Amino acid sequence: MKTALLVDDSSFMRELIEKMLRHHGVTVIGEAENGKAGVEKYKELKPDIVVLDIMMDEMTGSEALRQIMEFDPGAKVVVLSSVTGQKPVTDEVTSLGAKAVLVKPPDLKSIEAALASL
């Protein structure tokens, strides 16, 4: 069974993503509400997948992604954000190592496609 870490400042969004992941047999083993806590949780839990928001307090998702990829170059990170429709943001997170970029709020089909790409 695959495991996931959800990093998003919105508890509603974390709950929504968890339901979608559970529907696809993925177990959420941790949550964080900012990038700094997300990096710490990643190092502690070593999940199979990270779903990471971009716009957060304390540390942005881009910086968290950079630190996760430095710690584990093989990390499978799906970026989820309301700003991913902007090409510079998409290009940045892809260059940092994101495996998929989804627009918030995601639908079940986009989550399924992202999981398949991993």
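This is a short dialogue on reading some features of the structure above.

Reader: What kind of model is this, and how are its residues numbered?

Author: This is a predicted model, in which local features need pLDDT of at least 70, side-chain atom pairs count only at pLDDT 80 or more, and totals for chains, interfaces and linings use all residues. Residues are numbered from 1 along each chain as its sequence is written, and side-chain values use heavy atoms, with hydrogens and water left out.

Reader: What is the mean pLDDT of the protein chain?

Author: pLDDT is the predictor's confidence in each residue, from 0 to 100. The protein chain has a mean pLDDT of 90, and 97% of its residues reach 70 or more. Among its elements, H2 has the highest mean (97) and H4 the lowest (82). Helices (H or I, at least four residues) and strands (E, at least two) are DSSP runs, numbered from the N terminus.

Reader: Which residues of helix H2 are buried?

Author: An α-helix has 3.6 residues a turn, so residues three or four places apart point the same way. Buried means under 20% relative accessible area, exposed over 50%, and partly exposed in between (1.4 Å probe, protein chains only). In H2, residues 35-45, the buried ones are Gly35, Gly38, Val39 and Tyr42. Viewed down the helix axis, they fall within an arc of 100°, so they line one face of H2. The arc is that of the directions from the helix axis to the C-beta atoms.

Reader: What covers the buried residues of H2?

Author: The cover includes strands S1 (2-7), S2 (26-32) and S3 (49-53), together with helix H3 (61-71). S1 is itself mostly covered, with 5 of its 6 residues buried. S1 and S2 pair in the parallel sense over 6 bridges, where pairing requires that DSSP finds at least two bridges between two strands. Val7 stands opposite Ala32 in S2.

Reader: How should I read an aromatic pair, and how many does the structure hold?

Author: A pair of aromatic rings is described by the distance of the centres and the angle of the planes. Rings of Phe, Tyr and Trp (its six-membered ring) pair if their centres lie within 6.5 Å; planes under 30 degrees apart count as stacked, over 60 as edge-to-face and the rest as tilted. The structure holds 1 aromatic pair. The ring centres of Tyr42 and Phe71 are 6.2 Å apart and their planes stand at 90°, so the pair is edge-to-face. Tyr42 lies in helix H2 and Phe71 in helix H3, so the pair ties together parts that are 29 residues apart in sequence. Tyr42 counts as buried because its relative accessibility is 3%, whereas Phe71, at 40%, counts as partly exposed.

Reader: Which residue lies in the loop between H2 and S3 and has a positive phi?

Author: Lys46 lies in that loop, and its phi is near 45°, a positive value in a residue other than glycine. Lys46 counts as exposed, at 52% relative accessibility. Glu58, in the loop between S3 and H3, has a phi near 70°, also positive in a residue other than glycine. Glu58 is exposed, with a relative accessible area of 60%.

Reader: Is Ala98, in the loop between H4 and S5, buried or exposed?

Author: Ala98 counts as buried, at 10% relative accessibility. Leaving aside neighbours within four places in sequence, Ala98 is in contact (heavy atoms within 4.5 Å) with Leu65, Val77, Val79 and Val93.

Reader: Where is there a cis peptide bond?

Author: A cis peptide bond joins Lys104 and Pro105, with omega about -5°. Pro105 lies in the loop between S5 and helix H5 (108-117).
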